[in-house]
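Here are some notes to read alongside the structure. Please keep the viewer open and follow the points in order.

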Amino acid sequence: MTTLLSMAVAALLMSLIVAGRYLLTSGGFALATRMTQPGLYQGQARQIVREMGWSLLSAAIYGVPAGVIAWGWQQHGWTQIYRDAHARPLWWMPLSLMIYLLAHDAWFYWTHRAMHHPRLFKAMHAVHHASRPPTAWAAMSFHPWEALTGAVVIPALVFVVPIHVGVLGLVLLIMTVMGVTNHMGWEAFPRWLVNGRAGRWLITASHHQRHHKQYRCNYGLYFRHWDRLCGTDKGLGGFGH
């Protein structure tokens with residue numbers, strides 16, 4: 001198999017993996033919504049089909065750079081990903097997790113805020129906000145250009161910040177779960193967390209729901225510090241638990 005063909009196969013396989021992850025995670029939380037919040041998505045069938053279509057296209061876009069880099073890591077040792085847990089001090093694992101989440105959150109905040117400029121919103125971000133209100137299927141419902149901005153973050157970080165392969169898996173898990181739960185239209189996390197001290201800094205559905213209602217606020221992904229520093233934090237969305 002030629003190098004180009006093997007890279008293409010790796011990209012295709014990774015796109016299928018990302019699509020499968022999306023279907024399983026969003027499907028699982030959609031089922032949880034149906035069981036705990038019956039009727040919440042009533043009348044949104046056409047919107048959900050549209051969300052799934054855009055999300056599967058986004059999965060293909062996310063999978064291409066991830067697949068190529070995974071191939072390069074396996075074949076040629078590209079990236080700073082490591083398997084041996086003792087290759088670096090154990091304290092580096094939680095620290096690298098936080099570095100990835102903070103870096104991803106910063107990138108998301110500023111690119112997301114930029115996409116609310118009228119021209120970029122119309123060209124790119126309007127696809128995501130066409131979900132009114134969003135559902136558990138909307139987490140990856142992006143225009144291809146917006147999907148591309150999200151697809152490059154983690155692949156870029158693995159070249160510069162060392163990370164254990166298991167911690168990288170945890171980063172991807174957190175990214176997926178937070179993306180889905182922030183959009184599903186109800187609060188999955190307990191009231192004591194959302195309304196407590198941790199909730200002042202962590203983003204959950206109660207915070208992101210207000211973004212989908214008001215647009216010009218609450219741009220963050222995991223943490224509220226950029227919104228607080230920049231005066232764009234408008235608090236929680238106000239729906240029940």
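1. A salt bridge here is a side-chain nitrogen of Lys or Arg within 4 Å of a carboxyl oxygen of Asp or Glu. In this predicted model, the count by that rule is one salt bridge. The partners are Asp233 and Arg224, whose closest N and O atoms are 2.8 Å apart. Side chains of opposite charge can pair when their charged atoms come close.

2. Are the two partners buried or exposed? Buried means under 20% relative accessible area. Asp233 has a relative accessibility of 18%, so it counts as buried. Arg224 is buried too, with a relative accessible area of 7%.

3. Next, have a look at helix H2, which covers residues 45–76. Its 32 residues should span 46 Å at 1.5 Å a residue, and the end C-alpha atoms are indeed 46 Å apart. Along the way, H2 bends by about 30 degrees at Gly63, with Pro65 following within four residues. After H2 comes Gly77, with a positive phi near 75 degrees.

4. How do H2 and helix H6 lie relative to each other? The axes of H2 and H6 (residues 153–160) come within 9 Å and cross at roughly 25 degrees. Angles under 35 degrees count as roughly parallel, and H2 and H6 are therefore roughly parallel to each other. At their contact, Pro65, Ala66 and Ile69 of H2 meet Pro155, Val158 and Phe159 of H6. Pro65 thus appears both after the bend at Gly63 and in this contact.

5. Helix H7 (residues 165–181) is worth a visit as well. For its 17 residues, 1.5 Å a residue gives an expected span of 24 Å, in agreement with the 24 Å between its end C-alpha atoms. Among the buried residues of H7 are Val167, Leu168, Val171 and Met175. The cover over the buried residues of H7 includes helix H1 (3–36), helix H3 (92–114), H6 and helix H9 (205–214), together with strands S1 (81–82) and S2 (163–164).

6. Some backbone details in the loops deserve a close look. Arg132 and Pro133 are joined by a cis peptide bond, with omega about -10 degrees. Pro133 sits in the loop between helix H4 (118–129) and helix H5 (144–151).

7. Finally, turn to the loop between H9 and helix H10 (225–230), where Tyr215 is found. Tyr215 is not a glycine, yet its phi is positive, about 70 degrees. Asn218 is in the loop between H9 and H10, and this non-glycine residue has a positive phi of about 50 degrees. With 0% relative accessibility, Asn218 counts as buried.

How values were computed. Residues numbered from 1 in each chain as written. Predicted model: local features only at pLDDT ≥ 70, side-chain atom pairs only at ≥ 80, totals over all residues. Heavy atoms only, no water. Buried < 20%, exposed > 50% of the residue type's maximum accessible area, 1.4 Å probe, protein only. Helix = DSSP H or I, 4+ residues; strand = E, 2+ residues; numbered from the N terminus. Expected span 1.5 Å × (residues − 1). Bend = angle between axes of the 7 residues up to and from the residue. Axes fitted to C-alpha atoms, helices over the stretch in contact; angles between N-to-C directions. Parallel < 35°, antiparallel > 145°, perpendicular 65-115°, else oblique. Contact = heavy atoms within 4.5 Å.
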